Amino acid sequence: MSDSDAWAKACAEDLEAEKARRRAQRATEPGSPAEEFRRLFEAVADKVSGGLGAPLLGGQAAQTAAQTVQQLVNQAKAVVEPVIERNPQVFDHLAAAGSELLAAYRSAVEGHESRWTRGGGAVPEDDDPRRDADPDTPRKKDDEGPGTGQHIDLD
């Protein structure tokens, strides 16, 4: 077997292993928006209660800060959990509204980008206001961009 065959085989094996890893990651489908919010809240609470104050404060101050943060996290959980339990449909509506806002934003950006790449709303030749102002003004082609087509002397 030549070196190029061995290299190709190793690359193919690595690619298959990466595909398998990604399939395993996707196997856990996201839950409802309420469940995802609960997971997010838990992750943030764990990060905040586990890492705040310890590197900056020493000894007793770090313990006091950690206890205070843990109390705040527990109080926030006590407030948030009943809301999630009683109103899971609210999170469904919020997720749908967020998706609609994202779609509207994408549409606006795509429209702006397409106008920008086409030349930014070029005036049709019949409606060109420069035609009436100066008949000697050279006409610009649509692919020349939004400029006037006149030479500017920079000296």
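## A walk along the salt bridges and rings

Start by selecting E18 and R22: their side chains meet in a salt bridge, with 3.0 Å from N to O. Bear in mind as you click around that this is a predicted model. Why can these two reach each other? Both sit in helix α1, which covers residues 3-26, and because they are 4 residues apart there, about one helical turn separates them. Now switch on the surface. E18 is partly exposed, at 27% relative accessible area, and R22 is partly exposed too, at 45%.

That bridge is one of 7 salt bridges in the structure, so let's visit a couple of others.

**Next stop: helix α2.** Select residues 33-51 to bring up this helix, then pick out R38 and E35, which lie 3 residues apart in it, a spacing of about one helical turn. Their side chains form a salt bridge at 2.5 Å, N to O. Is R38 buried or exposed? R38 is buried, with a relative accessible area of 15%, which puts it below the 20% cut-off for that word. Its partner E35 comes out as partly exposed, at 34% relative accessibility.

Stay in helix α2 and select R39 and E36. Here is another salt bridge, 2.8 Å from N to O. Once more the two residues are 3 apart in the helix, or about one helical turn. R39 is partly exposed at 47% relative accessible area, while E36 counts as partly exposed at 28%.

Before you leave, add E81 and E85 to a selection of E35 and R38: salt bridges with shared partners join these four residues into one network.

**Last stop: the rings.** How many aromatic pairs does the structure hold? There are 2. For one of them, select F37 and F91, whose rings are stacked, with 5.0 Å centre to centre and 25° between the planes. F37 belongs to helix α2 and F91 to helix α4, residues 88-118, so this pair ties together parts that are 54 residues apart in sequence.

Try the surface again here. F91 is buried, at 12% relative accessible area, whereas F37 is partly exposed, at 29% relative accessibility. To finish, add F41 to your selection: ring pairs link F37, F41 and F91 into a cluster.

Definitions and conventions
Residues are numbered from 1 along each chain as its sequence is written. This is a predicted model: local features need pLDDT of at least 70, side-chain atom pairs count only at pLDDT 80 or more; totals for chains, interfaces and linings use all residues. Side-chain values use heavy atoms; hydrogens and water are left out. Buried means under 20% relative accessible area, exposed over 50%, partly exposed in between (1.4 Å probe, protein chains only). Rings of Phe, Tyr and Trp (its six-membered ring) pair if their centres lie within 6.5 Å; planes under 30 degrees apart count as stacked, over 60 as edge-to-face and the rest as tilted.
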